[in-house]
Amino acid sequence: MDAIKTEPVDVSYSDGPPILVAASSDEAMRRAMRTIDSAGWRIGDRMEIGSAHERIQRQIAATAVWLELDRDCGEPMDQVLDCVSANVSEGRFAAVVSTTAALIDPVSARVQDSAVELIVDADDAERTAALAIAGSALGRGSRRAGFATV
């Protein structure tokens, strides 16, 4: 017999803006996802670095952007780092950039806003702390209503 449930269903869904995740490799994406999942943040989209700049520009509102860089991706990496730094400066969202010691020079040259959480060869505790710090900036009113920039 087919029955239709009439009791309310307890579905929980965060209606807050999501976090966008971009990574330079599959392994980098796994690291980023492990951190974000363990913190319980809602993931809006995952992408490779090559498509991240355009995707971030299309996003109307985001809580944060997480970039996970374990290799130099050239111009696409530079573009997304410039974009993220500028958007954090404008208060659109918070950001964490996780990278390796080998990439610290090209990454730090592009990250112009000190509000971007930049972590290097971080362990799980440092990664979680960086996400918490980025999220706490939102509570202090640093993020403005999100509008896509063109």
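Let me begin with a term: a residue is called buried when its relative accessible area is under 20%, and in this predicted model D78, with a relative accessible area of 16%, is therefore buried.

The side chain of D78 meets that of R110 in a salt bridge, at 3.3 Å from N to O. D78 sits in helix α3 and R110 in helix α4, which spans residues 104–110, so this pair ties together parts that are 32 residues apart in sequence. R110, for its part, counts as partly exposed, at 27% relative accessibility.

Salt bridges that share partners also join E27, R30, R31, E68, D70 and R127 into one network, and I would like to dwell on E68, which counts as buried at 2% relative accessibility. Its side chain meets that of R31 at 3.2 Å, and because E68 lies in strand β3 while R31 lies in helix α1, the pair ties together parts 37 residues apart in sequence. The side chain of E68 also meets that of R127 in a salt bridge, at 2.9 Å, and since R127 belongs to helix α5, this pair ties together parts that are 59 residues apart. Both E68 and R127 are buried.

Turning to the nonpolar side chains, the largest core has 24 residues, of which I49, I56, L67, L69, L81 and V84 touch the most other members. At least two residues of this core come from each of β1, α2, β3, α3 and β4, and the largest share, six residues, is supplied by α3. Setting aside residues up to four places away in sequence, L81 touches L67, L69, V97, V107, R110 and V111. Apart from this core lies another, of 17 residues, including A28, M33, I36 and W66.

Technical notes. Residues are numbered from 1 along each chain as its sequence is written. This is a predicted model: local features need pLDDT of at least 70, side-chain atom pairs count only at pLDDT 80 or more; totals for chains, interfaces and linings use all residues. Side-chain values use heavy atoms; hydrogens and water are left out. A nonpolar core is a set of buried Ala, Val, Leu, Ile, Met, Phe, Trp, Tyr and Cys residues joined through side-chain atoms within 4.5 Å. Buried means under 20% relative accessible area, exposed over 50%, partly exposed in between (1.4 Å probe, protein chains only). Helices (H or I, at least four residues) and strands (E, at least two) are DSSP runs, numbered from the N terminus. Contact means heavy atoms within 4.5 Å. A salt bridge is a side-chain nitrogen of Lys or Arg within 4 Å of a carboxyl oxygen of Asp or Glu.
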